[in-house]
Amino acid sequence: GQLTENRAIKPTSDGLRTALNGSGSHLAMCDARGNLRVWDEPGHELHRFPNRLYTDPFPFELELTPNGHFLLAYPRTGESINRLYLFDLHESQGWTFDPFEQISDATFDCDGSRLIWAAWDGCVRAWDLTKRRNQWRTKVGSGARLLSMADGRTVAATYFGDVISLD
């Protein structure tokens, strides 16, 4: 038979974590079996990542930069290996960050130029995506959650209820 349905981006029943880029032209999805994939708007699979990245029974947390150039994936459970994966989807390159403590949150800044992540060791770190190097590290307290604000600032909300501007 012929495929006649619309193959536009839409979550499927096996997708437990999803991320869209800013224009909605790329969808990343990770299921409970560790299948991490990226599709374009017409529904063509662009990337399929190896299951060996996967270490526990929960899907990765995912985020795409606004332009869909970079994808981050990381486990947020106490059962997994502490790793944050960063993939350059245009150049098919990847980096692995191994913090000493479990990652509590990770995000891109609002223009997609930096990867920012927090770990339970109390540190927030920034990695410059253009220069591909560490940019800064600061201590804010363990378990921080991160938010990229519309005005370009990135803030951390700490485990103790403080909100700290990181820029």
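## Arg48 and its partner Glu45

Let us start at the surface: Arg48 is exposed, with a relative accessible area of 52%. The model is predicted, and in it Arg48 forms a salt bridge with Glu45, where the closest N and O atoms lie 3.1 Å apart. Glu45 itself is partly exposed, at a relative accessible area of 37%. The exposed label for Arg48 follows because the cut-off is over 50%, and its value is 52%.

Glu45 also has a place in the strand pairing, as it sits in S4 opposite Trp39. S3 and S4 run antiparallel and are joined by 4 bridges.

## The sheet S1-S2-S3-S4

Stepping back from that pair of strands, we find an open sheet of 4 strands in the order S1-S2-S3-S4, with antiparallel pairing. Its edges are strand S1 (17-20) and strand S4 (45-49), each of which pairs on one side only. On average, neighbouring strands in this sheet are turned by 15° against each other, with direction ignored.

As background, strands of a sheet pair through backbone hydrogen bonds, either parallel or antiparallel.

## The sheet S5-S6-S7-S8

Another open sheet has 4 strands in the order S5-S6-S7-S8, and here too the pairing is antiparallel. Strand S5 (61-64) and strand S8 (93-97) are the edge strands, each pairing on one side only. The average turn between neighbouring strands of this sheet is 15°, direction ignored.

If you would like a spot to look at in the structure, try the pairing of strand S7 (residues 84-88) with S8: the two run antiparallel and are joined by 5 bridges. Leu84 stands opposite Phe97 in S8.

## Nonpolar cores

Which residues touch the most other members of the largest nonpolar core? They are Leu36, Phe49, Phe60, Leu62, Leu71 and Phe87, in a core of 15 residues. Strand S2 (26-30), strand S3 (36-40), S5, strand S6 (70-74) and S7 are the elements that give two or more residues to this core. In soluble globular proteins, nonpolar side chains tend to be buried together.

Phe87 is a good residue to centre the view on. Leaving aside residues up to four places away in sequence, Phe87 touches Leu36, Phe49, Leu53, His69, Phe70, Leu71, Ala73, Gln93 and Gly94. There is also a second, separate core of 14 residues, which includes Tyr74, Trp95, Trp127 and Leu129.

## The hairpin of S11 and S12

Further along the chain, strand S11 (residues 123-128) pairs with strand S12 (residues 133-139) in the antiparallel sense, over 6 bridges. Asp128 has Arg133, in S12, as its bridge partner. The hairpin has 4 residues between the strands, and Arg132 takes a positive phi near 55° there.

## A salt-bridge network around Arg132

Arg132 deserves a second look for its side chain. Arg132 forms a salt bridge with Asp88, with the closest N and O atoms 2.5 Å apart. This pair links distant parts of the chain, as Arg132 lies in the loop between S11 and S12 and Asp88 in strand S7, 44 residues apart. Are these two partners buried or exposed? Arg132 is partly exposed, with a relative accessible area of 28%, whereas Asp88 is buried, with a relative accessible area of 1%.

Arg132 also meets Glu91 in a salt bridge, at 3.9 Å from N to O. Again the link is between distant parts of the chain: Glu91 is in the loop between S7 and S8, 41 residues apart from Arg132. Glu91 counts as partly exposed, at 48% relative accessibility. Through shared partners, these salt bridges join Asp88, Glu91 and Arg132 into one network. The count for the structure comes to 9 salt bridges.

## Cysteines

How many disulfides does a search of the whole structure find? The search finds 0. Cys110 is partly exposed, with a relative accessible area of 34%, while Cys123 is buried, with a relative accessible area of 5%.

Methods: Residues numbered from 1 in each chain as written. Predicted model: local features only at pLDDT ≥ 70, side-chain atom pairs only at ≥ 80, totals over all residues. Heavy atoms only, no water. Pairing = 2+ DSSP bridges. Disulfide = S-S within 2.5 Å. Buried < 20%, exposed > 50% of the residue type's maximum accessible area, 1.4 Å probe, protein only. Axes fitted to C-alpha atoms, helices over the stretch in contact; angles between N-to-C directions. Core = buried A, V, L, I, M, F, W, Y, C linked by side-chain atoms within 4.5 Å. Contact = heavy atoms within 4.5 Å. Salt bridge = Lys/Arg side-chain N within 4 Å of Asp/Glu carboxyl O.
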